[in-house]
Amino acid sequence: MSEDDFTIRLTFDQALVLSDWLDRMETNDEFDALVNEDRAVWSPILKISGTLATSLGEIFLPDYTARLDAARERLKDTLGDLGRPPADP
């Protein structure tokens, strides 16, 4: 690794969920408009997305949706209340 490289470590579940999310977002006009506000952000987004897509053979398996759903649930279990709407008083 050169001194200009940066490494991010993800669990398999994190990688699978992030890959799916990026795939959906990269074809979303609202996301594109947001990222286009700072076009340089496309560079790391495309690098991460491409690396995930070429590293995760599971995206081509017939039970991909079930695997993705299971990964989402496992990740949500680790988050506690983070990202949940506030409870009504």
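## A walk around Phe31 and helix α1

Start by selecting Phe31 and Trp42: both of them are buried. Keep in mind that you're looking at a predicted model.

**Stop 1: the ring pair.** Zoom in on those two side chains. The ring centres of Phe31 and Trp42 sit 6.2 Å apart with their planes at 85°, so this pair is edge-to-face. Edge-to-face is the label for planes over 60 degrees apart. Now show the helices as ribbons. Phe31 belongs to helix α2, while Trp42 is in helix α3 (residues 42–55), so you're seeing a link between distant parts of the chain, 11 residues apart.

**Stop 2: a second partner.** How many aromatic pairs are there? The count comes to 2. For the other one, add Trp21 to your selection. Trp21 and Phe31 are also an edge-to-face pair, 5.9 Å from centre to centre and with 85° between the planes. This pair, too, joins distant parts of the chain: Trp21 lies in helix α1 and Phe31 in helix α2 (residues 29–36), 10 residues apart. With all three side chains showing, you have a cluster, Trp21, Phe31 and Trp42, linked by ring pairs.

Is Trp21 buried or partly exposed? Turn on a surface and check: Trp21 has a relative accessible area of 35%, so it counts as partly exposed. Phe31 has a relative accessibility of 11%, and therefore counts as buried.

**Stop 3: Ser19.** Stay in helix α1 and click on Ser19. Its relative accessible area is 10%, so Ser19 is buried. What does Ser19 touch, leaving aside neighbours within four places in sequence? Select Leu52, Ala53, Leu56 and Ile59, and you have its contacts.

**Stop 4: where two helices cross.** Next, colour helix α1 (residues 12–25) and helix α4 (residues 64–79); their axes are 9 Å apart and the packing angle is about 115°. That angle makes α1 roughly perpendicular to α4. Rotate the view until one helix lies in front of the other, and you'll be looking at a left-handed crossing.

To see who meets whom, show these side chains:

- from α1: Asp13, Gln14, Leu16, Val17, Asp20 and Arg24
- from α4: Tyr64, Arg67, Leu68, Ala71, Arg72, Arg74 and Leu75

Try colouring this contact between α1 and α4 by residue type: you should get 6 nonpolar, 1 polar and 6 charged residues.

**Last look.** Go back to the whole model and find α1 again. You've met this helix as the home of Trp21, as the place of Ser19 and as the packing partner of α4.

Definitions and conventions
Residues numbered from 1 in each chain as written. Predicted model: local features only at pLDDT ≥ 70, side-chain atom pairs only at ≥ 80, totals over all residues. Heavy atoms only, no water. Axes fitted to C-alpha atoms, helices over the stretch in contact; angles between N-to-C directions. Helix = DSSP H or I, 4+ residues; strand = E, 2+ residues; numbered from the N terminus. Parallel < 35°, antiparallel > 145°, perpendicular 65-115°, else oblique. Left-handed = near helix turned anticlockwise from the far one by under 90°. Contact = heavy atoms within 4.5 Å. Nonpolar A, V, L, I, M, F, W, Y, C, P; charged D, E, K, R; others polar. Phe/Tyr/Trp six-rings, centres within 6.5 Å; stacked < 30°, edge-to-face > 60°. Buried < 20%, exposed > 50% of the residue type's maximum accessible area, 1.4 Å probe, protein only.
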